[in-house]
Amino acid sequence: MRKVSLFIATSLDGYIARADGSVDWLFTDQDYGYQAFYNQVETLLMGRKTYDQCLSTGDYPYPGKRAYVFSSRPLSWSNDDIEAVSGDAADFIADLRSQEGGLVWLVGGGALIATCLQHRLIDEFVVSIHPIILGRGIPLFPNSDLSHRLKLESTLAFDTGLVQLRYRCN
Ligand SMILES: NC(=O)c1ccc[n+]([C@@H]2O[C@H](COP(=O)([O-])OP(=O)(O)OC[C@H]3O[C@@H](n4cnc5c(N)ncnc54)[C@H](OP(=O)(O)O)[C@@H]3O)[C@@H](O)[C@H]2O)c1
């Protein structure tokens, strides 16, 4: 079975982007373990809005890795590594997770995370809490009727004020 990991940055008040989708508040002074994590990633999962946001910043940032983008419409751009998935996202991810293979990175955003939570498809959470309160925005964990008990595996605190929490699902 493959591991699905949510590796993501959030504000202290639990937003992954401002209300307009911007992520200008993310720290860029160092990589906070990103490259080491990314080196292990074999497959990426993205909602269409996150994908569009990636493309809007310049070159596609994940060349050479298999990526599945969930959308009911054709993608604005793609290449051989990228596959649009228009069917049931939960079924697709459950099937992918049940196969043999390497690490799956659930990139986001909030809508796709909500689906994965609803179906208990996330094995690991690596959450980088930035020392900022955005006030409003796109929530990391939208309202849900389900609760999830997690086990804390590690904490890392950086001088910049970013705190990274690593949990796995019980
Ligand atoms: N802070 C971070 O580390 C971080 C990480 C990732 C993303 N983000 C931010 O998150 C924002 C986007 O989040 P979001 O919640 O608005 O959107 P999202 O989850 O990225 O994308 C939503 C879209 O994905 C498709 N989709 C999502 N769930 C689906 C499902 N269960 N089945 C089928 N299709 C599904 C739909 O596309 P269609 O409408 O095309 O059908 C939906 O409109 C962006 O601003 C991005 O920058 C931040």
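## Aromatic pairs and a wrapped ligand

Across the whole structure, a search turns up 17 aromatic pairs; rings of Phe, Tyr and Trp (its six-membered ring) pair if their centres lie within 6.5 Å, with planes under 30 degrees apart called stacked, over 60 edge-to-face and the rest tilted. Take Phe7 and Trp105: they meet edge-to-face, 6.4 Å centre to centre with 90° between the planes. This pair ties together distant parts of the chain, since Phe7 is in strand E1 and Trp105 in strand E6, 98 residues apart.

Keep in mind that this is a predicted model, where local features need pLDDT of at least 70, side-chain atom pairs count only at pLDDT 80 or more, and totals for chains, interfaces and linings use all residues. Residues are numbered from 1 along each chain as its sequence is written, and side-chain values use heavy atoms, leaving out hydrogens and water.

Now for the ligand. It has 24 residues around it (a heavy atom within 4 Å), and the closest are Arg48, Thr50, Ser71, Ser72 and Thr115. By class, that shell has 11 nonpolar, 10 polar and 3 charged residues. Strand E1 (4-11) and helix H2 (48-56) are among the elements that each supply at least two shell residues.

Here are some polar contacts (N or O atoms within 3.5 Å) to oxygen atoms of the ligand:

| Residue | Polar atom | Distance |
|---|---|---|
| Arg48 | side-chain | 2.8 Å |
| Thr50 | side-chain | 2.6 Å |
| Ala111 | backbone | 2.8 Å |

The protein covers 83% of the 930 Å² of accessible area (Shrake-Rupley method, 1.4 Å probe) that the ligand has on its own.

Definitions and conventions. Polar contact = N/O pair within 3.5 Å; in protein donor to acceptor, adjacent residues only side chain to side chain. Helix = DSSP H or I, 4+ residues; strand = E, 2+ residues; numbered from the N terminus. Nonpolar A, V, L, I, M, F, W, Y, C, P; charged D, E, K, R; others polar.
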